[in-house]
Amino acid sequence: MNVGSISTQEVDPMVEFREGIKLLKNDYPQKALVRFKRAFESEKHNAYYISFFGLAIARAQRKWDRASDLCEAAVQLNPKEIQFHLNLGEVYALAGRREKALDKLECAMRLFGEDARLVQARGKVEKRRAPVLPFFGRGHFLNRELGKLRHRILKRFGK
């Protein structure tokens, strides 16, 4: 066997999953996607691998339908895991589907109560600043691009 290659039997899905979590937390969604994909391909019915693979697809590739399908499947497999609901809400929020994200998070709050993580996630989805150029609509390309720039600047300075 070639030393440089890794067969599927040599992949430890739990190690791949843990590395993927670290990478995702440190804002490396592309690298995390590779790790989650390996874990998912080793155990296709593991709801954790499915959910985080979906989240990584959303963050890294912006393939909203695939990402939401995976996250929905994880919630169906294990509806009592709060993290799956959080991941699903984040995927919908990233896709710009705020109403759907809020709906999913509200559903989770009915199941789990006022969990701090759910409250925080809902707050992130709800908050919207006024358009940078109020005389144009919120969807105008200048407002969208200037809004993204404002967001990056405020994020950098911790506001």
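Here is a short walk through the structure, from its overall make-up to its helix pairs and its largest pocket.

Keep in mind as you look around that this is a predicted model. The protein has 8 helices and 0 strands, so read along the sequence the pattern is simply α-α-α-α-α-α-α-α. Taken along the principal axes, the C-alpha atoms fill a box of roughly 65 × 40 × 30 Å.

A good way into such a structure is to see how its helices pack. Two packed helices are described by the angle between their axes and by the distance between those axes.

Let us begin with H1 and H3. H1 covers residues 13-25 and H3 covers residues 47-61. Their axes come within 11 Å and cross at roughly 35°, and the crossing is left-handed. On the H1 side the contact is made by Pro13, Met14, Phe17, Ile21 and Leu24, while H3 brings Tyr48, Tyr49, Phe52, Leu55, Ala56 and Arg59. By class, that contact has 10 nonpolar residues, no polar ones and 1 charged residue.

Now move along the chain to H5, residues 82-94, and H6, residues 98-112. Here the axes come within 7 Å and cross at roughly 165°. Angles over 145 degrees count as roughly antiparallel, and H5 and H6 are therefore roughly antiparallel to each other. Their crossing is left-handed. From H5, the residues Ile82, His85, Leu86, Leu88, Gly89, Tyr92 and Ala93 take part, and they meet Arg98, Lys100, Ala101, Lys104, Leu105, Ala108, Leu111 and Phe112 of H6. This contact divides into 10 nonpolar, 2 polar and 3 charged residues.

H6 also has a partner in H7, which spans residues 116-126. The axes of H6 and H7 come within 10 Å and cross at roughly 160°, so these two helices are roughly antiparallel as well. H6 passes H7 in a left-handed crossing. The H6 residues in this contact are Arg98, Ala101, Leu102, Leu105, Glu106, Ala108, Met109 and Phe112, and across from them in H7 are Leu118, Val119, Ala121, Arg122, Lys124, Val125 and Glu126. By class, there are 10 nonpolar, no polar and 5 charged residues here. If you compare the two lists for H6, you will find Arg98, Ala101, Leu105, Ala108 and Phe112 in both.

With the helices in place, what about the space between atoms? Rolling a probe the size of a water molecule over the atoms shows where empty space is left. The largest pocket has a volume of about 2,300 Å³. Its lining is made up of 45 residues, and Ala93, Leu94, Arg98, Lys124 and His151 lie nearest its centre. You have already met some of these: Ala93 and Arg98 belong to the contact of H5 with H6, and Lys124 to that of H6 with H7.

Which helices supply at least two residues each to the lining of the largest pocket? They are H1, H3, H5, H6, H7 and H8, the last of these running from 141 to 156. H8 gives the largest share, with 10 residues. By class, the pocket lining has 17 nonpolar, 9 polar and 19 charged residues.

Key. Residues are numbered from 1 along each chain as its sequence is written. This is a predicted model: local features need pLDDT of at least 70, side-chain atom pairs count only at pLDDT 80 or more; totals for chains, interfaces and linings use all residues. Side-chain values use heavy atoms; hydrogens and water are left out. Axes are lines fitted to C-alpha atoms, for helices over the stretch in contact, and angles run from 0 to 180 degrees between N-to-C directions. Helices (H or I, at least four residues) and strands (E, at least two) are DSSP runs, numbered from the N terminus. Angles under 35 degrees count as roughly parallel, over 145 as roughly antiparallel, 65 to 115 as roughly perpendicular and the rest as oblique. A crossing is left-handed if the near helix is turned anticlockwise from the far one by less than a right angle, and right-handed if clockwise. Contact means heavy atoms within 4.5 Å. Ala, Val, Leu, Ile, Met, Phe, Trp, Tyr, Cys and Pro count as nonpolar, Asp, Glu, Lys and Arg as charged, and the others, Gly among them, as polar. On a 1 Å grid over the protein atoms alone, a cavity is a set of points where a 1.4 Å probe fits but cannot get out, and a pocket is an open set with protein on both sides within 12 Å along at least five of seven lines; lining residues have an atom within 4 Å of a point. Grid points are joined across faces, edges and corners, and a volume is the space filled by probe spheres set on the points.
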